[in-house]
Amino acid sequence: MTLRVISISQHSRKNHWCDNACQEYTSRLAGYDGAKFAIEELVLKPAPGPPRQTDEQQKQQEGKALLDSIHPSDKLIILDERGKSISTMKLAEEIQKLSDDGTRRVNFCIGGASGHSDEVRSRADYLIKVSDLVL
């Protein structure tokens with residue numbers, strides 16, 4: 001199964017700490033309960049925000065790009081401040097269930113400055129909150 005992190009950011013993360021983290025966690029996941037995991041990253045460019053367009057227009061444009069980047073059979077986990085708080089163990093259990101059910105790719109999506117559009121939220125299989133902090 002592939003775990004993919006999709007973020008909306010101005011900054012390319014090539015040769016960045018994130019690459020090292022992905023490699024580290026891929027090695028930790030290798031052979032976990034016989035499952036094979038790969039980790040990918042996709043960085044989408046942010047849409048223009050205020051004053052060029054409203055926050056809502058920005059969310060709509062970024063949401064379309066995000067939804068266009070995922071396959072209909074993919075699972076979508078939205079990281080959002082309005083999501084449900086879950087423990088690391090619960091998240092691991094959910095990912096294991098998805099793997100056991102034959103899910104090929106799980107997308108973890110980090111929204112842009114204005115957050116996620118309603119369309120993205122409605123497509124989400126899970127809406128989780130990493131913390132009360134907004135990054």
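How many bridges join β1 to strand β4, residues 105–110? There are 6, and the two strands run parallel. Strands pair here when DSSP finds at least two bridges between them.

Before you click further, some ground rules. This is a predicted model, in which local features need pLDDT of at least 70 and side-chain atom pairs count only at pLDDT 80 or more, while totals for chains, interfaces and linings use all residues. Residues are numbered from 1 along each chain as its sequence is written, and side-chain values use heavy atoms, with hydrogens and water left out.

**Whole chain**

Show everything as cartoon. You should see 4 helices and 5 strands, in the order β-α-β-α-β-α-β-α-β along the sequence. Helices (H or I, at least four residues) and strands (E, at least two) are DSSP runs, numbered from the N terminus. Of the 135 residues, 35% count as buried; buried means under 20% relative accessible area, exposed means over 50%, and partly exposed is in between, with a 1.4 Å probe and protein chains only.

Switch on the surface: the chain has about 8,700 Å² accessible, with 52% belonging to carbon and sulfur atoms. Those areas come from the Shrake-Rupley method with a 1.4 Å probe, and for residues only the protein chains shown count as cover. As for contacts (heavy atoms within 4.5 Å), take those with a separation of 6 or more: 82% are between residues 24 or more positions apart.

**Strand β1**

Select residues 2–8. This is β1, and 6 of its 7 residues are buried. Besides β4, β1 is joined by 7 bridges to β2 (residues 38–44), also in parallel. To check the register, pick L3 and find its bridge partner I39 in β2, then pick S7 and look for I110 opposite in β4.

**The cores**

Now select I6, I8, L44, L66, I70, L76, I78, C109, V120 and A124, the 10 residues of the largest nonpolar core. A nonpolar core is a set of buried Ala, Val, Leu, Ile, Met, Phe, Trp, Tyr and Cys residues joined through side-chain atoms within 4.5 Å. The elements giving two or more residues to this core are β1 and β3. Zoom in on A124: leaving aside neighbours within four places in sequence, A124 is in contact with L76 and I78. There is also a second, separate core of 9 residues, including F37, I77, F108 and I128.

**Along β3**

Jump to L79 in strand β3. Is L79 buried or partly exposed? L79 counts as partly exposed because its relative accessibility is 21%. Beyond residues up to four places away in sequence, L79 touches F108, C109, I110, H116, I128 and V130. Put a distance label between the C-alpha atoms of L79 and F108: they are 29 residues apart along the chain and separated by 6.8 Å.

Just before β3 (75–85), in the loop from α2 (55–68), select D74. With a relative accessible area of 6%, D74 is buried. Its side chain makes a polar contact of 3.0 Å with that of N107. (A polar contact is a pair of N or O atoms within 3.5 Å; within protein, one must be able to donate a hydrogen and the other to accept it, and residues adjacent in sequence count only if both atoms are side-chain atoms.) D74 also touches R4, R105, R123 and D125, among residues beyond four places away in sequence.

**Helix α3**

Select residues 88–100. Helix α3 has 13 residues and reaches 18 Å from first C-alpha to last, close to the 18 Å expected at 1.5 Å a residue; the expected span is 1.5 Å times one less than the number of residues. Its buried residues are E94, I95, Q96 and L98, and their cover includes β1, β3, β4 and β5 (126–129).

**Backbone stops**

Just after α3, G102 takes a positive phi of about 90°. Next, find P51 in the loop between β2 and α2, where the P50 to P51 peptide bond is cis, with omega near 5°. For background, most residues other than glycine have a negative phi, and most peptide bonds are trans.

**Two last loops**

T54 is also in the loop between β2 and α2, and is partly exposed at 44% relative accessible area. T54 and S114 are 60 residues apart in sequence and 9.5 Å apart in space, C-alpha to C-alpha.

Finish at S117, in the loop between β4 and α4 (118–123). S117 counts as buried, at 2% relative accessibility. Leaving aside neighbours within four places in sequence, S117 is in contact with K59, Q60 and G63.
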